[in-house]
Amino acid sequence: MIDVQSQKDQRGISIQKVGIKDLNWPIVVMDRENKTQITIAKITAAAELKGDIRGTHMSRFIEAIDELKVVGPKEIERLLDRIKEKLNSEKAYIRFDFPYFINKRTPVTGTLSPLKVDCFFEAEKDSKFDLKVGVVVPVHTLCPCSKEISEYGAHNQRAYVTIEVKMRKFMWIEELVEIAESSASCPLYSILKRPDEKWVTERAYQNPRFVEDLLREVVLKIKEDGRIKWYKVFVESIESIHNHNAFAYIEGEITK
């Protein structure tokens with residue numbers, strides 16, 4: 001059959017990224033507790049297209065993804081090499097967005113339940129391999145100002161900590177989640193019995209955090225970890241007494 005995509009193009013315009021997006025696909029990711037975890041990812045895959053080639057072969061992205069057994073740093077790099085090979089391209093790109101579940105026990109009764117964390121892997125490769133790992137962690141914050149000025153109580157709410165890193169050495173998803181949770185007023189749990197709820201509310205009251213406080217605590221912990229070389233942190237507070245949200249953001253490189 002005629003290979004229309006491989007026909008010569010006379011317009012001379014190279015395309016930096018061409019590919020597929022919003023592909024829902026089952027994947028296996030590494031799990032610190034259980035070794036692996038099955039989940040469903042929304043995948044974007046792309047490759048660079050030379051200016052003298054008319055089109056790319058979209059099915060070849062899916063063929064390459066279908067060869068992937070486990071999604072980890074080494075496997076992602078091999079996948080990008082495979083995409084480059086299949087598409088005859090000098091640069092390839094991939095992004096996985098997926099829910100990840102961490103089993104957590106409540107602080108008093110020890111009730112076990114899964115907590116969903118939204119995660120992503122984003123990578124590209126030309127002559128060098130570049131990988132970013134990201135987590136979006138739900139946490140609990142309590143307002144220091146509200147606690148200080150109120151005769152009793154303080155407003156508190158859910159917040160989301162997005163941590164995106166480039167690593168020198170491997171880190172578990174759970175470790176990034178722990179950085180976010182330990183920086184907040186209190187972690188979240190899917191199930192809370194009454195003794196647990198008492199502990200959570202009192203813990204948050206004893207540990208108030210502005211959105212700025214939460215951001216700075218996360219960044220301090222990231223800088224103390226020698227495995228991270230670059231970071232981006234975004235904190236959003238879903239305000240409970242305002243008709244708007246609050247946020248704080250910072251990114252930087254760690255050279256030491």
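**Exercise 1: Helix α4**

Work out why helix α4 is described as largely enclosed by the rest of the structure.

*Solution.* Start with where to look: in this predicted model, helix α4 covers residues 173-183. Next, apply the cut-off, under which a residue is buried if its relative accessible area is under 20%. The residues of α4 that pass this test are I173, E174, E175, L176, V177, I179, A180, E181 and S183. Finally, put the count to use: nine of the 11 residues of α4 are buried, so the helix is largely enclosed by the rest of the structure.

**Exercise 2: The largest cavity**

Find how much space the largest cavity holds, which residues lie nearest its centre, and what classes its lining has.

*Solution.* Begin with the overall picture: the structure holds two cavities of 30 Å³ or more. The largest cavity has about 110 Å³ of space. Now turn to its walls, where 13 residues form the lining, and M30, F121, F170, M171 and I173 lie nearest the centre. I173 should look familiar, as it is one of the buried residues of α4. Then check the elements: α2 (73-87) and β5 (129-142) each give at least two residues to this lining. Last, sort by class, which yields 12 nonpolar residues, one polar and no charged ones.

**Exercise 3: The second largest cavity**

Name the residues that line the second largest cavity and sort them by class.

*Solution.* First note the volume, about 50 Å³. Then list the lining: E48, L49, K50, I53, L87, N88, S89 and E90. Sorting this lining by class gives three nonpolar, two polar and three charged residues.

Note on methods:
Residues are numbered from 1 along each chain as its sequence is written. This is a predicted model: local features need pLDDT of at least 70, side-chain atom pairs count only at pLDDT 80 or more; totals for chains, interfaces and linings use all residues. Side-chain values use heavy atoms; hydrogens and water are left out. On a 1 Å grid over the protein atoms alone, a cavity is a set of points where a 1.4 Å probe fits but cannot get out, and a pocket is an open set with protein on both sides within 12 Å along at least five of seven lines; lining residues have an atom within 4 Å of a point. Grid points are joined across faces, edges and corners, and a volume is the space filled by probe spheres set on the points. Helices (H or I, at least four residues) and strands (E, at least two) are DSSP runs, numbered from the N terminus. Ala, Val, Leu, Ile, Met, Phe, Trp, Tyr, Cys and Pro count as nonpolar, Asp, Glu, Lys and Arg as charged, and the others, Gly among them, as polar. Buried means under 20% relative accessible area, exposed over 50%, partly exposed in between (1.4 Å probe, protein chains only).
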